[in-house]
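Work through these exercises with the model open beside you. Try each task before reading its solution.

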Amino acid sequence: MIGADLRRLPPFELLRALERQLRGAPGDHGRPAGSAPLAWTGLAFRLRDQRLLVPGDEIREVTGRPRLTRVPGARDWLLGVANVRGSALPVTDLGALLDGGPAGEAREQRLLVLQQDGPPAAFLVDDVIGYRRFVPEDQRPSITAAPALQPWRLGAFHRDGQDWLVLSLKRLARSDLFIRAGR
């Protein structure tokens, strides 16, 4: 179980702490000697043919695909604006934004609503798999990301024959690529 002091770390710093522990470096953030290894939990989702993770603290909620109102002059990846619990929420096709082509409509699609202080944002993904826990032995810094994913990559894990890239949707939502949704 992750200690309360580690839960407050930004996602990247948490991954670094896990890597330090895996390599035996000092800086275990007060974990008692002999206690169980730290675990990292992220929300797993499918985007086209990839299985990805996002730190759990970046997501406020997961919801189905709502009815959308198109935004004139917006890029194709900005699907539109949705009314979610009384708030206007811009909805982005994450796959199209990251050069994976546009998503068709499918029953499994979900919105990942970002938890952030800045402007609201939601990302359409092909499916949400659920929360997954990884231990330090699962971490694989050598796993590479496609060029379109690399700027948002926080780390990677490997378990049961499957690679899992960790992306920061918060970092993506603060990028120039995302902010310039107009044509």
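A nonpolar core is a set of buried Ala, Val, Leu, Ile, Met, Phe, Trp, Tyr and Cys residues joined through side-chain atoms within 4.5 Å. The model used here is predicted.

**Exercise 1. The cores**

Task: find the residues with the most contacts inside the largest nonpolar core, and list the elements that each supply at least two of its residues.

Solution.
- Step 1. The largest nonpolar core has 30 residues. Phe45, Leu94, Phe123 and Leu169 have the most contacts inside it.
- Step 2. Seek the contributing elements. Strands β1 (40–47), β2 (50–55), β6 (110–114), β7 and β10 (162–167) each supply at least two residues, as do helices α3 (94–97) and α4 (169–173).
- Step 3. Apart from this core lies another, of 10 residues. Leu15, Trp40, Ala44 and Val166 are among them.
- Step 4. Take Phe45 and skip residues up to four places away in sequence. Phe45 then touches residues including Leu52, Leu94, Leu112, Val125 and Ile129.

**Exercise 2. Confidence**

Task: decide where the prediction deserves trust and where it calls for care.

Solution.
- Step 1. Start with the whole protein. The mean pLDDT is 84, and 81% of the residues score at least 70.
- Step 2. Go to the elements. Strand β7 (residues 122–125) has the highest mean pLDDT, 96. Helix α1 (residues 4–7) has the lowest, 59.
- Step 3. Check for a weak stretch. Over residues 25–30 pLDDT stays under 50. The model has 8 contacts for this stretch beyond four places in sequence.

**Exercise 3. Overall composition**

Task: how many helices and strands does the protein have, and what share of its residues is buried?

Solution.
- Step 1. Count elements: 5 helices and 10 strands.
- Step 2. Check burial. Of the 183 residues, 42% count as buried.
- Step 3. Check the surface. The protein exposes about 9800 Å², and carbon and sulfur atoms supply 50% of it.
- Step 4. Check contact range. Take the contacts with a separation of 6 or more: residues 24 or more positions apart account for 56% of them.

**Exercise 4. Two hairpins**

Task: which residue takes a positive phi in the hairpin of β4 and β5, and which in the hairpin of β9 and β10?

Solution.
- Step 1. Recall the background. Most residues other than glycine have a negative phi.
- Step 2. Look at β4 and strand β5 (residues 87–93). These strands run antiparallel and are joined by 6 bridges. Val84 has Ser87 as its bridge partner.
- Step 3. The hairpin has 2 residues between its strands, and Arg85 takes a positive phi near 55° there. Arg85 is not a glycine. Arg85 counts as exposed because its relative accessibility is 68%, and the cut-off is over 50%.
- Step 4. Turn to strand β9 (residues 153–159) and β10. They pair in the antiparallel sense over 6 bridges. Gly155 stands opposite Val166.
- Step 5. This hairpin also has 2 residues between the strands, and Asp160 takes a positive phi near 55°. Asp160 is not a glycine. At 76% relative accessibility, Asp160 counts as exposed.
- Step 6. Follow β10 to its other partner listed here, β2. β2 and β10 pair in the parallel sense over 2 bridges. The bridge partner of Leu52 in β10 is Leu165.

**Exercise 5. Two aspartates**

Task: is Asp93 buried or exposed? Is Asp76 buried or exposed?

Solution.
- Step 1. Place Asp93. It is in strand β5.
- Step 2. Apply the cut-off. Asp93 counts as buried because its relative accessibility is 2%, and the limit is under 20%.
- Step 3. Find a polar partner. The side chains of Asp93 and Arg48 are joined by a polar contact of 3.0 Å.
- Step 4. Look at the surroundings. Beyond four places in sequence, Asp93 touches Arg48, Trp77, Leu79, Gly101, Pro102, Ala103 and Leu124.
- Step 5. Place Asp76. It lies in the loop between β3 (59–64) and β4.
- Step 6. Asp76 is exposed, with a relative accessible area of 55%.
- Step 7. Compare chain and space. Asp76 and Ala181 are 105 residues apart along the chain, and their C-alpha atoms are separated by 8.8 Å.
- Step 8. Contrast the loop with the strand after it. Strand β4 (residues 78–84) has 5 of its 7 residues buried, so β4 is largely enclosed by the rest of the structure.

Key: Residues numbered from 1 in each chain as written. Predicted model: local features only at pLDDT ≥ 70, side-chain atom pairs only at ≥ 80, totals over all residues. Heavy atoms only, no water. pLDDT = per-residue confidence, 0-100. Helix = DSSP H or I, 4+ residues; strand = E, 2+ residues; numbered from the N terminus. Contact = heavy atoms within 4.5 Å. Buried < 20%, exposed > 50% of the residue type's maximum accessible area, 1.4 Å probe, protein only. Pairing = 2+ DSSP bridges. Polar contact = N/O pair within 3.5 Å; in protein donor to acceptor, adjacent residues only side chain to side chain. Areas by Shrake-Rupley, 256 points an atom, 1.4 Å probe, with all protein chains shown as cover.
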